[in-house]
Each structure stands twice: as C-alpha cells, then as structure tokens.
Amino acid sequence: MHVVSNFHQYGVIFKIVVIMKWIGRRGSSNIDDRRRMGGGRVAMGGGIGTIVVIAIVWLLGGDPSQLLNQFQDSSVEQAAPTAQEDSIAQFVSVVLADTEDVWDAVFQETGHTYRKPTMVLFRGSVQSACGSASSASGPFYCPEDEKIYIDLSFCDELRQRFGAPGDFAIAYVIAHEVGHHVQHLLGTLGQVHNMRSRVNERESNKLTVRLELQADYYAGVWAYHAQNTLNIVEKGDIEEAINAASAVGDDRLQMQTQGHIVPDAFTHGTSAQRMEWFKKGYQSGKISGGDTFGRGAV
C-alpha cells in the first residue's frame with residue numbers, strides 16, 4: 001500500500017468471506033489486464049534489431065542460443081486466469097468504479113475535475129513508468145503514469161499473512177492507492193517528494209508516514225460515500241477495512257519480521273495511526289479534514 005515515485009515499498013485465489021454488494025454492478029473501463037503477459041525477463045525487441053544483436057554476440061564468440069532462449073522466455077504467455085481469479089478481477093474493477101463515482105462527485109464539489117487512474121493487473125513482475133517491480137512489492141501507485149498496480153495474489157496474502165480477510169479489506173487497499181492518486185491530482189504528492197529530497201532519511205520517513213496516513217484518510221472518505229451515497233456497505237465491512245489498516249501498520253509488521261520495533265524506520269504509520277486516520281475519513285466524508293501534515297496531527 002504505497003505510492004511509488006522512484007520506487008518505494010508499501011503491496012491469488014481467495015474466498016470472499018463477506019459478500020459486498022458488487023455482483024452485477026458497473027466495473028471500471030480503466031483496467032489494464034496484463035496477467036497473461038510474460039513477466040520473467042525484459043524483452044529486447046524483435047525484427048532486424050534482434051537479428052543484429054544475435055549476430056554481434058556470435059561474432060564475439062558468445063552463444064546466441066542463450067539470447068534466443070531469453071527472447072522466447074520473455075514472449076511466452078502465462079496460463080489463462082481461472083474463473084475464481086477472474087471473479088476477483090471483476091470485484092476490484094467494481095471497487096475502482098466506485099472510487100471513480102465518489103471522487104468525481106467530491107472533486108466537483110470543490111470545483112475540480114477528477115482524472116481517473118488506470119489499474120494494472122499483473123502476475124509476478126511488471127514494468128511501470130516508475131520502474132520495475134515484483135509482486136513482493138505489494139500494490140502501489142505510480143504518479144508518473146497515473147496507474148495503480150496490483151498482483152491479485154496479494155488478495156490471498158492479505159488474508160493469510162496479514163490476517164485481514166474479507167472483500168472490504170481489499171476494497172480498503174484499492175481505496176488507499178486511489179488516495180495516492182488524489183494526492184497526486186491535488187499536488188500534495190509532488191510537494192512531499194520535493195521536501196523529502198531536501199532532508200535526511202529520518203525526516204524523509206516522517207514525511208512519508210504523513211503521506212500514507214492521508215491516503216488512509218482518503219480511503220475512509222471513500223468508505224463514507226460508499227455507505228451514504230452508493231449504499232454498498234454491509235454489516236462488518238468497515239470492521240474489515242479497519243482490521244486491514246491495523247494489519248499493515250509499521251509496528252506490527254516490524255514485530256512480525258524482525259521481532260522489535262524501530263520507529264525511525266516507519267514509512268506508513270503504526271497500526272493505531274492507520275486505523276485512526278481511516279476512521280476519521282469515514283466519520284467526516286470531507287476531503288478537507290485530512291491534514292496529516294499539520295502540527296500535532298501525527
């Protein structure tokens with residue numbers, strides 16, 4: 001759950017535990033499905049250029065067959081998605097459509113126009129305008145191409161590794177990444193990245209935490225409107241989102257991975273902070289209440 005500028009960390013089959021009101025509803029048209037594209041190696045191109053490269057390798061005494069194998073590996077399509085995986089893809093498409101409806105309305109109220117992001121579905125690894133990444137990076141947002149990237153295997157990881165089951169937990173993750181897109185459109189993202197380039201690592205991490213908590217707040221704003229205007233939130237949904245926010249807190253993740261907590265290394269906020277700012281957004285529903293950069297806000 002994070003934004004990538006020049007890459008930063010936060011982000012398949014799972015059973016939807018609580019069925020959000022999504023089946024049969026509009027999905028977003030802003031989906032770039034790359035799940036069947038080969039992701040292991042980066043292709044160097046084809047045609048005459050490829051022939052020239054192979055000829056040079058041969059003249060220099062190299063083994064052109066190894067290069068040919070790389071070309072072949074990079075072009076092999078992956079297996080077709082299963083029906084279950086496609087169901088998850090349809091679900092995240094509906095969630096993205098819901099965020100489009102909410103932020104369209106919110107931006108209109110403030111006299112702005114909402115430019116919709118694209119969601120890229122991939123397997124294993126992916127190339128974005130912010131660089132290359134693997135599924136281990138988790139879901140991320142790249143402001144350079146205004147796209148959200150997600151390997152749907154993260155949905156299963158959210159349940160198994162983070163202990164955050166349920167469809168609305170996934171909806172929260174998507175809404176958080178869309179929150180980074182909102183920050184990008186409002187100029188916050190660029191301002192913070194400029195500030196980070198002028199301070200030391202400790203202060204840079206603090207700014208990143210405030211950025212992530214604001215994205216959590218915006219996810220809460222989306223949940224508010226999803227309940228009050230779209231009427232899609234069911235009993236237990238908000239609890240799933242709050243549980244997911246808690247599950248990806250820096251303090252909790254550090255304890256799980258290294259057995260101790262290093263506050264100066266926080267980049268997303270504690271579990272308590274992430275829950276708090278999501279709940280603030282959910283209770284307010286107003287974009288103006290998400291000033292995580294003010295004195296005493298964090």
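## A walk through the structure

Let us start with one helix and a little arithmetic: helix α5 covers residues 167–186, and at 1.5 Å a residue its 20 residues should span 28 Å, which agrees with the 29 Å between its end C-alpha atoms. Please keep in mind as you read that the model is predicted. Is α5 mostly covered or uncovered? It is mostly covered, since 17 of its 20 residues are buried. Just after α5 comes G187, which takes a positive phi of about 90 degrees.

One residue of this helix deserves a visit. Q183 sits in helix α5. A residue counts as buried when its relative accessible area is under 20%, so Q183, at 0% relative accessibility, is buried. Which residues does Q183 touch, leaving aside its neighbours within four places in sequence? Q183 is in contact with T188, L189, L211, Q214, A215 and Y218. As you turn the helix on your screen, one rule is handy: an α-helix has 3.6 residues a turn, so residues three or four places apart point the same way.

Now step back to the whole chain. The protein has 298 residues, and 49% of them count as buried. Its secondary structure comes to 10 helices and seven strands. About 13,900 Å² of the protein is exposed, and carbon and sulfur atoms supply 51% of that area.

Next, look inside. In soluble globular proteins, nonpolar side chains tend to be buried together. Here the largest nonpolar core has 61 residues, and the members that touch the most others are W103, Y172 and W222. Which helix gives this core its largest share? That is helix α7, residues 201–228, with 11 residues. To get a feel for the packing, follow W103: not counting residues up to four places away in sequence, W103 touches Y114, V178, V182, Y218, V221, W222 and I287. There is also a second, separate core of eight residues, and V120, C130, F140 and Y149 are among them.

C130 leads us to the next stop. How many disulfides does the structure hold? It holds one, formed by C130 and C142, with their sulfur atoms 2.0 Å apart. The torsion about the S-S bond of C130 and C142 is about 90 degrees, and therefore this disulfide is right-handed. The pair links distant parts of the chain, 12 residues apart: C130 lies in the loop between β4 (125–128) and β5 (131–134), while C142 belongs to strand β6, residues 140–142. Both C130 and C142 are buried. Another cysteine, C155, also counts as buried because its relative accessibility is 2%.

The strands on either side of C130 make a good example of pairing. β4 and β5 run antiparallel and are joined by four bridges. A hairpin of two residues connects β4 to β5. In this pair, V126 stands opposite A133 of β5. Now compare the faces of β5: G131 and A133 make up the covered face, whereas S132 and S134 make up the uncovered one.

Other strands pair in the parallel sense, and β3 is a good place to see this. Strand β3 spans residues 118–122, and four of its five residues are buried, so β3 is largely enclosed by the rest of the structure. Strand β2, residues 31–33, runs parallel to β3 and is joined to it by three bridges. One bridge you can look for has D33 paired with L121 of β3. β3 also pairs with β7 in the parallel sense, over five bridges. There, the partner of V120 is Y149 in β7. Perhaps you recognise that pair: V120 and Y149 are both included in the second core.

Finally, let us visit two loop residues with a backbone feature in common. E146 has a positive phi of about 55 degrees although it is not a glycine. E146 lies in the loop between β6 and β7 (147–151). Is E146 buried or exposed? With a relative accessible area of 16%, E146 is buried. N231 likewise has a positive phi of about 55 degrees without being a glycine. The place to look for N231 is the loop between α7 and α8 (237–247).

Notes
Residues numbered from 1 in each chain as written. Predicted model: local features only at pLDDT ≥ 70, side-chain atom pairs only at ≥ 80, totals over all residues. Heavy atoms only, no water. Buried < 20%, exposed > 50% of the residue type's maximum accessible area, 1.4 Å probe, protein only. Areas by Shrake-Rupley, 256 points an atom, 1.4 Å probe, with all protein chains shown as cover. Core = buried A, V, L, I, M, F, W, Y, C linked by side-chain atoms within 4.5 Å. Contact = heavy atoms within 4.5 Å. Expected span 1.5 Å × (residues − 1). Disulfide = S-S within 2.5 Å. Pairing = 2+ DSSP bridges.
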